[in-house]
Structures are given as structure tokens and as C-alpha cells.
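Open the model in your viewer and keep the selection tool at hand. The tour below goes stop by stop, with a selection to make at each.

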Amino acid sequence: MRILVVGSGGREHAICWKLAQSRHAQKIYCAPGNSGTMEFAENVDIKDDDVDGLADFAEKEKIDLTFVGPEGPLVAGIVDEFQSRGLRIFGPSMEAAMLEGSKAFAKEVMGTSHVPTARYKIITNREEAEAAIKEFDRAAVKADGLAAGKGVIICKTRKEMEEAVKALLNSTFTSGPVRKIVIEELLEGEEASILAFCDGKEAKLMVSSQDHKRIFDGDKGDNTGGMGAYAPAPVTAGLDKKIHDSVFSPVLKEMEKRGSPYIGVLYAGLMVKDGSFNVLEFNARFGDPEAQPVLSLLDSDLVDATLACIEGKLNDTDIKWKPGAACSVVISSKGYPGKYETGMRVTGLDEAKKLPNLKVFHAGARLEGNNVVTNGGRVFGVTGTGRSIKEAIENAYRGVSLIKFEGMHYRKDIGKAALGTR
Ligand SMILES: Nc1ncnc2c1ncn2[C@@H]1O[C@H](COP(=O)(O)OP(=O)(O)OP(=O)(O)O)[C@@H](O)[C@H]1O
Ligand SMILES: [Mg+2]
């Protein structure tokens, strides 16, 4: 099989790594890729939001399967375009990807299908906001539309809510100016990410995971795209069936009823407390960094799992997971998620490669001559595996300790929640 992976982050390096282990994979391309994906794929200089350019390439190179990593092209309709040209592609249609593309849409689908989620109001202007804010003491104020993790403001007072609404209504994010806002009750608990392979009717849950959104230890500082993740997440132990039956099944049924069956990876961001949970959000793709530890524990062939989703055969497909645990520590550039410089030379990667139970997934990194240099905010996802979460964490940090570049930053407490020491 000739496979094309779309994207250039740590998630896409992990996807290329996993696809390269498939008995089906003969040739893999990655567009645009990074210095890590080159290990398994031929990088192609096409941007991940150039839907027509990617489809032209897939036609010209007779690609048998395209795997889309990031949300941007999915929400822009890449799956619809490829399918209209008879090209096989893994990911939700533009309409189905609205579960991530619009937080207001996601809340409406959850409301209709009785999925547990925070009480909310949708507003489109300051007047509506004034009325809605009176109904909340504390809230998460969320811009409708893709915002690359920068569209949510946590508010502890009504004053903060007013300011958040004002700020967001005047903002423009990846998907354009903000026209709608979701104000939802602030929930307490511990977060977890539950991803599932979906074939439009059936959802097969993956091993659970937990991301770390804030830039500093102890969940301090700004929200980022994610500073590390581990799997499995003990906080959801024993809840898989309940999550499957009360979140994924009803949402898939509702999407099918609306004529846009959900095929692809569906990611539910949960807030868990005392054995019960609420859905904070849906993402329409593998999380990044969650993809790194989750794919490290996938024992089945990723192409088989992908084809089972596309062909609606998940019910007859057994997806296996390795025992043990995995932990991915993100190394970022100085200043991220704010302004940062790139082009810093990286050392220690060859030494890290020699370590057992470790894989360094490249994200914002590129090759300059023979050297790997930084090329983004999040640069690497250093991923350790082990028989226990403790071992996986130790293996990850052993790798981190070998990698060096000027101004590098990483959190020291990734996975500590699972050890009960955070
Ligand atoms: N109702 C809520 N109660 C408490 N915290 C919340 C709530 N909604 C969101 N948050 C916090 O804000 C973070 C971001 O919110 P959310 O996941 O909805 O947005 P996002 O920008 O789409 O995130 P991502 O980049 O992970 O896709 C959550 O991970 C959580 O920490
Ligand atoms: Mg999201």
C-alpha cells in the first residue's frame, strides 16, 4: 500500500512510525512532515491546509490510503474532496468534523443525545452575554471555531466572564472572526482524554490518556497545545463501558441520524470526579501529545484498524493493546506558548536513540544539513514505555536528560498524577 500522512507534528511522526510497522505499508509519504517523519516516510513539500494540492499529489502518486493528522484540513473538508475524487482517506467528513470545528454544535449534539456535559449558554453578542452571565458564578468561556488551544478562558467571577466575552468577540482565530461563544459551567475534577476508532456506527475505545495543558509544573501558567501525556490514565479505570455507552454510542447515533456518520478518530475530553464524568469537548483527530503514548501501546496493525473504520467493520475487528504504560514528555522552545526563536541546534538525539524503551518523536524540528534544529514551539515528544507508569516516566526523563538545545523547556511532573504524587 502507498500511504500519505498529512501533518508535521509529534502526532504525525508517531503515526508514520506506527504505519511503518504495518504489513500493508510499502511506501509512506508525509506532507509536509518534519525531521523525524523522514525516518519512515518521504516528506513532501505540501502544506497540510492545501487540500487541492494534497489531492492532486494523491492522484498523481496513486496513493491507496491517506491518514489526516491535524484538525484544520478535516474541518476544511479534505475528506469530502478526496472522496469526491475516489481517493481512500481516513478521517471525518467536514460536517462530522464540526464536533470539533464548532463547540456550539458539539454542545447541541450532546444536548440532543443526552451526553453528560456542563450546563451552557450560546451567545452571539454582548446583550445576550449579559443575560447569560447572570446564570453562572464561574464559567469556561469558549470561542466557537478552531482556536489552536487559545480560545478558552477560565473565569472565576462574572467580571472575568464579561471581559472574556469582550476579548473573544473581538478576536479572530484559525477559523476566522469569533461570531459565537459558549459559556459553560466551570467543572471540577481530573481531566482525561478518551480516543476511539469510529466506523460511523461503532466506537472502539483506545487506552485512556491524560494531557498536561499548562506550560509549568503543577499546572501553572498559560494553556499550551499540551506539554506531555501518559497512558493509561488511572482516573478512568473501570469507566470504559460507561464512557462508551453514555458518550460515544449516543453521539455516533445522533451524527448518523443527521446524515453525517462519524468515521475516524473521535477524541472526548472528559472531566472526571468521583467515578462520574462530563464531556468538556470533542476533537476530531488524534490528540497531540496523546497520540505518542497511545500509539506506543497499540498492539494491532494501524492500517487494519483504519480500514475497519472506513469499511464499517469495527464490530468484527479486534483491536489489541500492549500491557504496561507509556509517557511522553514535550520539550518546548524558550517563550512558548508566547513568542519563541527557532533554528537552535539540537544535540543528544543519537545517544537517546540507543536507550531501550524510548522513542523521540519530532514535532517542531527540521533538518539543516546533517543537524536537527528547532523549528517550532513544541519541538519533541520524548516517549518512554515500561511495565508500569513509574517505569515509563523514568524512561522518558532518561531520554530528556540527554537532549540539549538553547533555551529548552520541559515540565518535570508529567505523569505524577498517575503516581498519586501531584
Ligand atoms: N467546563 C469546564 N470546566 C473546567 N475546566 C474547563 C471547562 N472547559 C474547559 N476547561 C479547561 O480548558 C481547557 C481547554 O478547553 P477545551 O478542551 O474545551 O478547548 P480546546 O481549546 O479545544 O482544547 P484542545 O486544544 O485540547 O482541543 C480544558 O482542557 C480544561 O482544562
Ligand atoms: Mg479542542
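Which residue with a positive phi follows H6? Select His 114: its phi is near 55°, and this residue comes after helix H6. Keep in mind throughout that this is a predicted model.

**Stop 1: helix H6 and strand S11**

Now select H6 itself, residues 103-112. The helix is mostly covered, with 7 of its 10 residues buried. Those buried residues are Lys 103, Ala 104, Phe 105, Ala 106, Lys 107, Val 109 and Met 110.

Stay on Lys 107 and add Glu 184 to the selection. The two form a salt bridge, and their closest N and O atoms are 2.8 Å apart. Glu 184 belongs to strand S11 (residues 181-185) and Lys 107 to H6, so far as the chain is concerned distant parts, 77 residues apart. Both Glu 184 and Lys 107 are buried.

Add Lys 142 next. The side chain of Glu 184 also meets that of Lys 142 in a salt bridge, at 3.3 Å from N to O. This pair again links distant parts of the chain, with Glu 184 in S11 and Lys 142 in strand S7 (residues 139-143), 42 residues apart. Glu 184 and Lys 142 are both buried.

**Stop 2: other salt bridges**

The whole structure holds 33 salt bridges. For one of them, select Asp 301 and Arg 23, whose closest N and O atoms are 3.6 Å apart. Asp 301 sits in the loop between helix H10 (291-297) and helix H11 (302-310), and Arg 23 in the loop between helix H1 (10-19) and strand S2 (27-32), so the salt bridge ties together parts that are 278 residues apart in sequence. Is each partner buried or exposed? Asp 301 has 14% relative accessibility and counts as buried, while Arg 23, at 64%, counts as exposed.

Then select Asp 52, Asp 56, Glu 59, Glu 81 and Arg 85 together. Salt bridges with shared partners join these residues into one network.

**Stop 3: helix H1 and Asp 64**

Select H1, residues 10-19. How many of its residues are buried? The count is 10 of 10. Charged side chains are on the list of buried residues, including Arg 11, Glu 12 and Lys 18; Trp 17 and Leu 19 are also among them.

Move to Asp 64, in the loop between helix H2 (51-60) and strand S4 (65-68). Asp 64 is partly exposed, with a relative accessible area of 30%. Leaving aside residues up to four places away in sequence, Asp 64 touches Met 1, Arg 2 and Arg 88. For a distance check, pick the C-alpha atoms of Asp 64 and Ala 25: they are 10.0 Å apart in space, and the residues are 39 apart in sequence.

**Stop 4: the five-stranded sheet**

Show the strands S14, S17, S20, S24 and S21. In that order they make an open sheet of 5 strands with antiparallel pairing. Which strands lie at the edges? Strand S14 (210-211) and strand S21 (358-362) do, each pairing on one side only.

Select S24, residues 378-386. Its pairing with S21 is antiparallel over 5 bridges, and S20 and S24 are joined by 8 bridges, also antiparallel. Zoom in on Thr 383 in S24: Ser 328 stands opposite this residue, and so does Lys 359. Elsewhere in S24, Gly 381 has Phe 361 opposite. S24 is mostly covered, with 7 of its 9 residues buried.

Add helix H13, residues 389-400. H13 packs on the sheet and touches strand S17 (228-231), strand S20 (325-332), S21 and S24. The direction of H13 makes about 140° with that of S24.

**Stop 5: the magnesium ion**

Select ligand 2, the magnesium ion. Which protein residues serve as donors? They are Glu 281 (OE) and Asn 283 (OD1), lying 2.0 to 2.3 Å from the ion. Asn 283 counts as buried, at 6% relative accessibility.

**Stop 6: colour by domain**

To finish, colour the chain by its assigned domains. Domain 1 covers 2-91, domain 2 covers 120-185, domain 3 covers 190-316 and domain 4 covers 325-419. The C-alpha centres of domain 2 and domain 3 are 25 Å apart.

Note on methods
Residues numbered from 1 in each chain as written. Chains lettered and ligands numbered in written order. Predicted model: local features only at pLDDT ≥ 70, side-chain atom pairs only at ≥ 80, totals over all residues. Heavy atoms only, no water. Pairing = 2+ DSSP bridges. Helix = DSSP H or I, 4+ residues; strand = E, 2+ residues; numbered from the N terminus. Contact = heavy atoms within 4.5 Å. Axes fitted to C-alpha atoms, helices over the stretch in contact; angles between N-to-C directions. Salt bridge = Lys/Arg side-chain N within 4 Å of Asp/Glu carboxyl O. Buried < 20%, exposed > 50% of the residue type's maximum accessible area, 1.4 Å probe, protein only. Domains from an automatic or database assignment. Donors = N, O, S within 2.8 Å, 3.2 Å for Na, K, Ca; no water.
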